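Me: I am new to reading protein models, and I would like to go through one slowly with you. Could we take the features one at a time?

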Amino acid sequence: MADGSRCCHETLTLHPQPAGTGGPLRIVFTEGPDRYVPGGAPLGSGDVGYVRGASLNLHEPGAVRALLDVALARG
């Protein structure tokens, strides 16, 4: 960020299979009001979500599949 402040984020990168059939898909989760991303204890690696609501673990195949399905539906 230009003002020198730090912003935490978590990036999920998916690569097409077979390789060479397209570019990677990057989904960026950014910390913000009422949102969290991993930044140390007590959060686990890959945990993203809302402070008082839904969350995902980006290491869980079902969560990644759901994100991929939404991205595909949006083109």
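Me: What is the volume of the largest pocket here?

Reply: Please keep in mind that this is a predicted model, in which the largest pocket has a volume of about 200 Å³. To read a pocket, one asks next who lines it, and in this case the lining includes Val28, Phe29 and Thr30, then Arg35, Tyr36 and Val37, and further along Val48, Gly49, Tyr50, Ala54, Ser55 and Leu56. Strands S2 (25-30), S3 (35-36), S4 (47-50) and S5 (55-57) are the elements that each give two or more residues to that lining.

Me: How many of the lining residues are nonpolar, polar and charged?

Reply: Sorting a lining by class gives a quick picture of its chemistry, and the lining of the largest pocket has eight nonpolar residues, three polar ones and one charged residue.

Me: In what order do the elements of the chain run?

Reply: One reads them from the N terminus on, and the order here is β-β-β-β-β-α, which fits a chain with five strands and one helix.

Me: What share of the chain is buried, and how much area does the chain expose?

Reply: Of the 75 residues in the chain, 20% are buried. The chain exposes about 5,600 Å², and carbon and sulfur atoms supply 55% of that area.

Me: Let us turn to a single residue. Is arginine 26 buried or exposed, and why?

Reply: The general idea is to compare the relative accessibility of a residue with a cut-off, and exposed means over 50%. Arginine 26, which lies in strand S2, counts as exposed because its relative accessibility is 55%.

Me: Which residues does arginine 26 contact, beyond its neighbours within four places in sequence?

Reply: Setting those neighbours aside, arginine 26 is in contact with Thr11, Leu12 and Thr13. With threonine 13, the C-alpha atoms are 4.5 Å apart in space, although the two residues are 13 residues apart in sequence.

Me: And asparagine 57: where is it, and what lies 2.7 Å from a polar atom of its side chain?

Reply: Asparagine 57 has its place in strand S5, and a polar atom of its side chain lies 2.7 Å from the backbone nitrogen of histidine 59. When neighbours within four places in sequence are left aside, asparagine 57 is in contact with Ser45, Gly46, Asp47 and Ala63.

Me: What share of the contacts with a separation of 6 or more joins residues 24 or more positions apart?

Reply: Such a share is read over the whole chain, and here residues 24 or more positions apart account for 21% of those contacts.

Technical notes:
Residues numbered from 1 in each chain as written. Predicted model: local features only at pLDDT ≥ 70, side-chain atom pairs only at ≥ 80, totals over all residues. Heavy atoms only, no water. 1 Å grid on protein atoms, 1.4 Å probe; cavity = no way out; pocket = protein on both sides within 12 Å on 5 of 7 lines; lining within 4 Å. Points joined across faces, edges and corners; volume = space filled by probe spheres on them. Helix = DSSP H or I, 4+ residues; strand = E, 2+ residues; numbered from the N terminus. Nonpolar A, V, L, I, M, F, W, Y, C, P; charged D, E, K, R; others polar. Buried < 20%, exposed > 50% of the residue type's maximum accessible area, 1.4 Å probe, protein only. Contact = heavy atoms within 4.5 Å. Areas by Shrake-Rupley, 256 points an atom, 1.4 Å probe, with all protein chains shown as cover. Polar contact = N/O pair within 3.5 Å; in protein donor to acceptor, adjacent residues only side chain to side chain.
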